[in-house]
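Visitor: I am new to this structure and would like a close look at one part of it, the interior. Please take me through it step by step.

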Amino acid sequence: MRISLGPESAEPVYRMALDAASPSHFDLYDPYDYCRGRALELVRKQIGDLPESVAECWFFLGDFARLINHCFPDRKLFLYDTFEGHDEGEAAQALRDGYYCDFTEEKLRDSVEQVYKNGSRQAFNLPEDASSSQVADCVVARMPFPEKCIPRVGLFPDTAALDGEEKFVFVSLDINFRESMRSGLELFYPRLHDVGVIFAHDYNSPYFFGVRKAVEETEENLGSFKKFPLPDSAGTLVIVK
Ligand SMILES: C[S@@+](CC[C@H](N)C(=O)[O-])C[C@H]1O[C@@H](n2cnc3c(N)ncnc32)[C@H](O)[C@@H]1O
């Protein structure tokens, strides 16, 4: 199903969502991705001109990160990824706990290797043994304002450390696993500006049950979040203060 785009401001975002590196991963003509993309634009308008930073925690080829960078061109954009796929221990535990779809360990390992490790190198015509930093450089080069990007390459939360009083007005947490998702929420929620917004991807996903569990567990520690679900393909949860 295709939908027509609404306000004129959606058009530039749509055009930049498609390019050779990632022609169909995030498609704003898909009604579900459109919902998340437009929600980001409207959040941007609502937040106004506060100077605080923005972040995406796990950014892969940077499809959604490009929209964030486009909407917040003058903010520091912190970007986290391994470019090697998931932490095997965490992924295996998530499967044992029933918190990650119905893959076997082997199938998960293979698909992570194929999609995230090899796939990210193939997308940029890099050799198989290209380093994660080389992949990160290529992804950052896709951004409309690469000079604002601060890539943190390596396993999250080992790469989580932030300087001093860094505060955030927008954070996208696209983290499939319970432990890492909890670390992401514990890192960013206390640093969220009063009018800031977190998108917690996959909260209402029928595949990644660890995300909902992580939100519940973090609320036990930090107190209840104000939250609102988006009807997008990822079952994104919007969290505000
Ligand atoms: C779900 S995708 C991110 C998609 C991205 N938000 C987008 O818009 O296309 C998964 C990414 O998570 C990364 N990843 C998985 N576990 C990680 C971890 N513990 N630390 C950092 N990155 C991780 C993988 O390397 C992969 O690139």
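Guide: Let's start with Glu-41, which sits in helix α2, spanning residues 31-47. Please keep in mind that this is a predicted model. Glu-41 has a relative accessible area of 9%, so it counts as buried, the cut-off being under 20%. The C-alpha atom of Glu-41 is 8.6 Å from that of Ile-68, although 27 residues separate the two along the chain.

From here we can turn to the nonpolar cores. The largest one has 35 residues, and Tyr-80, Phe-156, Leu-173, Met-181, Phe-188 and Ile-239 have the most contacts inside it. Helix α7, residues 178-188, is the main contributor to this core, giving four residues. Ile-239 is a good place to pause: beyond its neighbours within four places in sequence, its contacts include Leu-185, Tyr-189, Leu-192, Val-197, Ile-198 and Phe-225. A second core, separate from the largest one, has 32 residues, among them Phe-59, Leu-67, Phe-83 and Leu-230.

Phe-83 deserves another look. You will find this residue in the loop between β2 (77-81) and α4 (88-96). Its relative accessibility is 1%, so Phe-83 is buried. Its phi is positive, about 60°, even though Phe-83 is not a glycine. Phe-60 also has a positive phi without being a glycine, with a value near 50°. Phe-60 belongs to the loop between β1 (53-57) and α3 (63-71), and its relative accessible area of 14% makes it buried.

Phe-156, which we met in the largest core, leads on to two further features. One is in the backbone: a cis peptide bond, with omega about 15°, links Phe-156 to Pro-157. Pro-157 is part of the loop between β3 (149-153) and β4 (168-173).

The other feature is the ligand. Around it are 16 residues, and Phe-156 is one of those that come nearest, along with Trp-58, Asp-81, His-86 and Asp-174. Sorted by class, this shell has eight nonpolar, five polar and three charged residues. Some side chains place an N or O atom close enough for a polar contact. For Asp-81, such an atom is 2.6 Å from an oxygen atom of the ligand. For Asp-174, the partner is a nitrogen atom of the ligand, at 2.8 Å. The side chain of Glu-56 has an N or O atom 3.3 Å from a ligand nitrogen. On its own, the ligand has 610 Å² of accessible area, and the protein covers 96% of that.

Terms used:
Residues numbered from 1 in each chain as written. Predicted model: local features only at pLDDT ≥ 70, side-chain atom pairs only at ≥ 80, totals over all residues. Heavy atoms only, no water. Core = buried A, V, L, I, M, F, W, Y, C linked by side-chain atoms within 4.5 Å. Buried < 20%, exposed > 50% of the residue type's maximum accessible area, 1.4 Å probe, protein only. Helix = DSSP H or I, 4+ residues; strand = E, 2+ residues; numbered from the N terminus. Contact = heavy atoms within 4.5 Å. Near = heavy atom within 4 Å. Polar contact = N/O pair within 3.5 Å; in protein donor to acceptor, adjacent residues only side chain to side chain. Areas by Shrake-Rupley, 256 points an atom, 1.4 Å probe, with all protein chains shown as cover. Nonpolar A, V, L, I, M, F, W, Y, C, P; charged D, E, K, R; others polar.
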